[in-house]
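Here is a short briefing on a predicted model. It covers metal coordination, ligand shells, aromatic pairs and one residue environment.

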Amino acid sequence: MANKQTNFIYHIHPEKVPASTIRFTHTFGLGGMALVLFLLQIVTGILLKFVYEPTPDKAYDSILFMQNHLLFGHYIRNIHHLSGTLLIFVALFHLLRVFFTEAFYGPRSSNWIIGVVIFIIILFSNFTGYLLPWDQLSYWAVTVVTQMLSYIPVVGPELTSFVRGGKEVGAATLLTFFNFHTAVLPFALIILLLFHFWKVRQAGGVVVPRNRNHNGKGIIPVVPELVVRELVTGLILLAVIFLLAVFIDAPLRERANPAYSPNPAKAPWYFLGIQELIMHFHPFIGVVIIPVTLFTLLFYLPCFPFRIRNTGIWFSSSKGRKMALISALLALVIHPILIVASEYLIHFNTWFPSLLPVISGGLFPLILYSIIFLLYLFYIIRRYKPLSNEIVQAVFVYFLVTYTVLSITAIFFRGPGMALMWPWKIS
Ligand code: HEM
Ligand code: HEM
């Protein structure tokens, strides 16, 4: 056996951990899986970089060349695409695991904040990669998203030009996105992840329910118990990706044509919820106020003054579980109704033509929505008489399901002109 001072494993893990923490359902291995996916992105990304050329006249051809003439070129591109998408889901599920076991307090609070930053960088890693194939899909998706920035008051139009490196998405945008994608963001992620792992170690490992007393019993050695489990989970994940990448192709449409916009032009799927929001609220509310408020609350989470902390217990309590479920169901029912009503019945803009659009199309729908939200809040508080952490959890679930409904609507139920329609009618 390797010397404990020199064994790399003991830099990451303590020598012994509580047996309960190595059960798969304790963390679902999600942090480890996210790490495997990130490492896979680096390896496949470096291979792609040997061939890819970040200029508008060569980018698309370099992808075609890699797909059609290089041994495993297509396959490696598929793996990079697939694991990039999976990374968003796995990081999100890991965030949810941490949230629902209340592992964002005390010694873990700074790690929660680092985690939220990591999550945002993962989204932007995907977004910057999205442009690189330089096809119609990527060109117009990036045009749509960068256009959203122009709705930010005062600095909006300048910000859009700054991000694009000019008036339109073009050579400068491609080069900037390429540099961010292959250097700045991966470097930032590596630094943050090293910090993230150190913080897990510093907090004494993963969270366990506070009142569980181990007394030396149920403590097991990390080698081989935990390390073997991590290895098996990682290998199974890799096997699944390598298999799926044989069948699922990374998308590649026609070469980008700045003169011809596809209809509908949609943002990448993870930003489509925001694109859907601006169908119902003035863009200033949809792009700035709502997302900024929600992310600020997410960062602020460890500072909420909860009276009783149920750290390490899934959903806090059985009441917490019920409230989360009812919130999910309510959000699932309310939002499709609101989306249809806002499309066909409620038109504040045309009802109050003399008012500023940000008031009639922004403030008024926001007030209406806030009333509906407060009714929901009133209902669950009256019915369950919950603790403050159970309320926070229920509201979190409510907004999570809301964003999912918005995204699904924009992905499957929006056709030409972004009008609502049934999926089977979209050609
Ligand atoms: C968190 C890490 C990363 C994520 C989430 C990510 C995601 C993506 C995505 C979604 C694409 C578009 C692929 C497609 O669907 O067509 C892409 C393309 C690309 N990525 Fe990454 N990537 C990551 C890291 C890297 C790194 C570290 C490198 C290189 C050092 C890299 C190099 C490339 C290249 C050259 C392309 C263009 C080729 C293509 O589009 O197939 N990526 N990436
Ligand atoms: C590439 C992305 C990420 C990687 C590789 C990663 C990795 C890990 C690992 C390996 C652990 C140890 C326990 C476990 O597996 O659950 C962990 C714990 C933790 N992660 Fe992450 N993580 C990532 C993203 C995030 C995100 C997006 C958040 C949340 C906002 C987050 C917050 C935390 C917190 C608070 C802990 C401590 C949890 C506990 O003690 O139970 N991480 N992370």
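H181 is buried, at a relative accessible area of 17%. The cut-off for buried is under 20%, so H181 falls inside that class. H181 is also a donor to the iron atom of ligand 1, through NE2. The model is predicted.

**Iron site of ligand 1**

- Two protein atoms serve as donors to the iron atom of ligand 1: NE2 of H80 and NE2 of H181.
- These donors lie 1.9 to 2.0 Å from the iron atom.
- H80 sits in helix 5 (residues 73–100) and H181 in helix 9 (residues 171–202), so the two donors tie together parts of the chain 101 residues apart in sequence.
- The site is octahedral, with six donor atoms and angles of 87 to 179° among them.
- For reference, ideal angles for six octahedral donors are 90 or 180 degrees.
- H80 is buried as well, with a relative accessible area of 15%.

**Shell around ligand 1**

- The shell counts 23 residues, and Q41, R77, H80, H81 and H181 come nearest.
- R77 places a polar side-chain atom 2.4 Å from an oxygen atom of ligand 1.
- H81 does so at 2.6 Å, again to an oxygen atom of ligand 1.
- For H181, a polar side-chain atom lies 2.8 Å from a nitrogen atom of ligand 1.
- Helix 3, helix 5, helix 6 and helix 9 each give two or more residues to this shell.
- Helix 3 provides the largest share, seven residues.

**Shell around ligand 2**

- Ligand 2 has 24 residues around it; H94, R97, R108, H196 and V207 come nearest.
- The side chain of R97 brings an N or O atom to 2.7 Å from an oxygen atom of ligand 2.
- Backbone atoms take part too: an N or O atom of V207 lies 3.0 Å from an oxygen atom of ligand 2.
- For G31, a backbone N or O atom lies 3.4 Å from an oxygen atom of ligand 2.
- Helix 3 (30–49), helix 5, helix 6 and helix 9 each supply at least two residues.
- Helix 6 gives the most to this shell, with six residues.

**Aromatic pairs**

- The structure holds 32 aromatic pairs.
- One of them joins F124 and F271, with ring centres 5.8 Å apart and 50° between the planes, a tilted arrangement.
- This pair links distant parts of the chain: F124 is in helix 6 (residues 109–131), F271 is in the loop between helix 10 (222–247) and helix 11 (272–277), and 147 residues separate them.
- F124 is partly exposed, at a relative accessible area of 39%, whereas F271 is buried, at 10%.
- The rings of F373 and Y376 have centres 5.8 Å apart and planes at 40°, so that pair is tilted.
- F373 and Y376 lie three residues apart in helix 15 (residues 357–384), about one turn of the helix.
- Both F373 and Y376 are buried.
- One aromatic cluster is made up of F24, F28, F99, F100, F104, Y105, W112, W314, F315 and F396.

**Environment of T409**

- T409 belongs to helix 16 (residues 388–412).
- Is T409 buried or exposed? T409 is buried, with a relative accessible area of 9%.
- Which residues is T409 in contact with, leaving aside neighbours within four places in sequence? The contacts of T409 are E276, I339, R414 and L420.

Technical notes:
Residues are numbered from 1 along each chain as its sequence is written. Chains are lettered from A and ligands numbered from 1 in the order in which they are written. This is a predicted model: local features need pLDDT of at least 70, side-chain atom pairs count only at pLDDT 80 or more; totals for chains, interfaces and linings use all residues. Side-chain values use heavy atoms; hydrogens and water are left out. Helices (H or I, at least four residues) and strands (E, at least two) are DSSP runs, numbered from the N terminus. Buried means under 20% relative accessible area, exposed over 50%, partly exposed in between (1.4 Å probe, protein chains only). Contact means heavy atoms within 4.5 Å. Rings of Phe, Tyr and Trp (its six-membered ring) pair if their centres lie within 6.5 Å; planes under 30 degrees apart count as stacked, over 60 as edge-to-face and the rest as tilted. Donors are N, O and S atoms within 2.8 Å of the metal (3.2 Å for Na, K and Ca); water is not among the atoms, so sites may look incomplete. Four donors count as tetrahedral if all angles lie between 85 and 135 degrees; four count as square planar and six as octahedral if opposite donors are over 155 degrees apart and all others between 65 and 115; anything else is irregular. A residue is near a molecule or strand if one of its heavy atoms lies within 4 Å of it. A polar contact is a pair of N or O atoms within 3.5 Å; within protein, one must be able to donate a hydrogen and the other to accept it, and residues adjacent in sequence count only if both atoms are side-chain atoms.
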